[in-house]
Amino acid sequence: MDKLRSALEQLQKSDMYPFHMPGHKRREIDYLTQSSYLKDITEIDGFDNLHCPEGIIKEEQEFAASLFGAKESFFLINGSSVGVLAAIAAAKDSDSEKKILMGRNSHKSAYNGLYLWDIRAEYLYPRQYRGVSFVGAISVKEVERALSKSNDYGAVFITSPTYEGIISDIKGICELAHQKDIPVIVDEAHGAHLGIFGGDDYFPLGAIASGADVVIQSLHKTLPSLTQTAVLHIQGDLVDVKKIKSRLSMLQSSSPSYILMESISACLHACDEYREDYRNHYKSRLQSFYKEMKSLSRLKLLTNETLDKGQAEETMKDPGKILIHVGSSGLNGRQLYDILRERYHLQMEMAAVDYVIAMTSFADDEEGFLRLETALKEIDQEASGSERGHLISMEFDRPEAVYTIRQALEAEKEQVPLSESIGRISGEFLYFYPPGIPFLVPGERIGETVPDLAREAKNNGLILQGTEDSLQKQILCIK
C-alpha cells in the first residue's frame, strides 16, 4: 500500500486549512495545476541547462534579477540551504584566513557551511524581547561593535526576516560593512515576498533593496511556488560571481527538476504581472485580521507595537507572520497549536513554548482568515485567564567556542548524560526544529542553562533534534 500517497490524498480531501508553508497553500493556482509527469524532462534540445545556461533558463534568471533589482540571479532547486552553502563557500574562497561574522540565530544550513568549508565564525547576538521566548533582530550597534575590533572577516551573515518575521536594519548593517569592503550575505528565506511587495507603507523593504550583496530567498515559503524552490541574488562588486556559480554547480543536483524550475519562473512572472493586485489583496486581508483580533483579552498577537513596549530599539516585523502569544490564557504554545488543529482543523506552522506561528501568503483565502478569527475568539473566551510561570528563553549564552565545527565533529567523542555535561565540549548540535536554529554548536563549551533548556523544551512539547540520542538524554562530548 502506498501510505505516503494515501496520506496526501486524505489530506487533500479534508478541510484542514494550511497556515503553514508552502505559500501556494495547496490551492489550484493555474500555473501549478497541470500534471507533473507531462513536464518532467531532462536537458533535452531546446530546454537549456541550469549548470551552463545559455537559452531559456538564462533568460528566466535574467528576468528574476530584473524583478528583484539584482545584478544576477540564480535558480535554486535544492532550496535556500544550497544558496547559503554556496554563499559561505565564496566568502571563504576570498581569503582562506578570514572568518565569518555571523548572526548566532542563523539556520542550521549556515552552520553546515562552516563545517563543509572549515570556517571559524564569530557571532553577532540578536536582541532579546521581554516576556517572549524568541530573539529578534541583529542591531547595527552589535555589528559596529564587532567591526570596530577586527576587519578580519570574509563576510557578514545575517538572517532577516527571522522565522518569527523580525527584520534587521540591513541597510544600516550594509553601510557599516561596505565601509570596510566586507560583503553582506542575507538569508532572506522567509522574505521573498518582501522583495516583491516591500517598501510600501505596510510591508518592510527587502534585503536587495536595502543594499545586501548576496540574498537567498525561499520562494516556496511565502510565495506560490513548489516546495524546494528558491533563488540567490547578487549585486555589487564585493562578491565573486564566478565562485558563487562554481559552488552552486558543485552543490546542486546534476539533474535539476524542470518542474521546480518552471514553478520558479511561473511564480515570478505572475508576481510581476499582478504585483499590485496581489499586494493590495494580501494587505487588506492582514489589516482586517489584525483589527478583528484587537478584541482578544487573554491571547494576544505580537506586533511591532506589542513587542516594542519598554524597548530601546524599534522593531520591524513582517505582518504576514502571525504570532499568536498564549498571554494569560493558561495554555502553552503546544496546547494552543493542538486545539487549533484538532478542534478547528487549522494547521499552524509551528508551536513554541509560549506562542504559535501562522504563516500566510497572498494565496490565503477569506475563509481561512475567518476560520482563524473565529477559533481565536472562542479560545480566548474559554481561557482561564491565568498567567503562565517561568518561560524558557532563546537568549544565547555566548558560549566559548573551543574548536571549529569541523574539528569538533571529527574529534573522538563519548556519550555523556546531558545533565552531567556542563563544562564539557559539545560534539554535536542541539536545536529546536522548526526553525532549526542551534542553541548548542559542536566545539562549544556546554553552559549551565543547556540541560535545563532542553528539559523544559521537551516538557512543553517542543521538538529537539541534532543529537545522536533521539531522546536527548545524552550528548556526544569531545574526549
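Buried residues, defined as those under 20% relative accessible area with a 1.4 Å probe and protein chains only, make up 57% of the 479 residues in the protein. The structure is a predicted model, in which local features need pLDDT of at least 70 and side-chain atom pairs count only at pLDDT 80 or more, while totals for chains, interfaces and linings use all residues. Residues are numbered from 1 along each chain as its sequence is written, and side-chain values use heavy atoms, with hydrogens and water left out.

The protein has 16 helices and 20 strands, where helices (H or I, at least four residues) and strands (E, at least two) are DSSP runs numbered from the N terminus. The radius of gyration, taken over C-alpha atoms, is compared here with a globule rule of 2.2 Å times the number of residues to the power 0.38. Its value is 22 Å, close to the 23 Å that the rule gives for 479 residues, so the protein is as compact as a globular protein of that length. Along the principal axes, the C-alpha atoms fill a box of roughly 65 × 55 × 55 Å. With contact meaning heavy atoms within 4.5 Å, 75% of the contacts between residues at least 6 apart in sequence join residues at least 24 apart. About 20,800 Å² of the protein is exposed, and carbon and sulfur atoms supply 47% of this area, as given by the Shrake-Rupley method with a 1.4 Å probe.

One open sheet consists of four strands in the order 10-12-15-14, with antiparallel pairing, two strands being paired if DSSP finds at least two bridges between them. Its edge strands are strand 10 and strand 14 (350-351), each of which pairs on one side only. Strand 12 (residues 321-325) pairs in the antiparallel sense with strand 10 (residues 300-301) over two bridges, and K300 stands opposite H325 of strand 12. Strand 12 also pairs with strand 15 (residues 355-359), again in the antiparallel sense, over five bridges, with A358 of strand 15 as the bridge partner of I322.

Strand 12 is mostly covered, as five of its five residues are buried. In a regular strand the side chains alternate between the two faces of the sheet. Both faces of strand 12 are covered, with K321, L323 and H325 buried on one side and I322 and I324 buried on the other.

Two threonines in loops were also examined. T404 is found in the loop between helix 14 (366-382) and helix 15 (405-410), and at 9% relative accessibility T404 counts as buried. Not counting residues up to four places away in sequence, T404 touches D118, R120 and P442. T227, by comparison, is placed in the loop between helix 8 (219-222) and strand 9 (230-234). With a relative accessible area of 46%, T227 is partly exposed, a class that lies between the buried limit of 20% and the exposed limit of over 50%. When neighbours within four places in sequence are left aside, T227 is in contact with P22, H220 and L260. The C-alpha atoms of T227 and S253, which are 26 residues apart along the chain, are separated by 15 Å.
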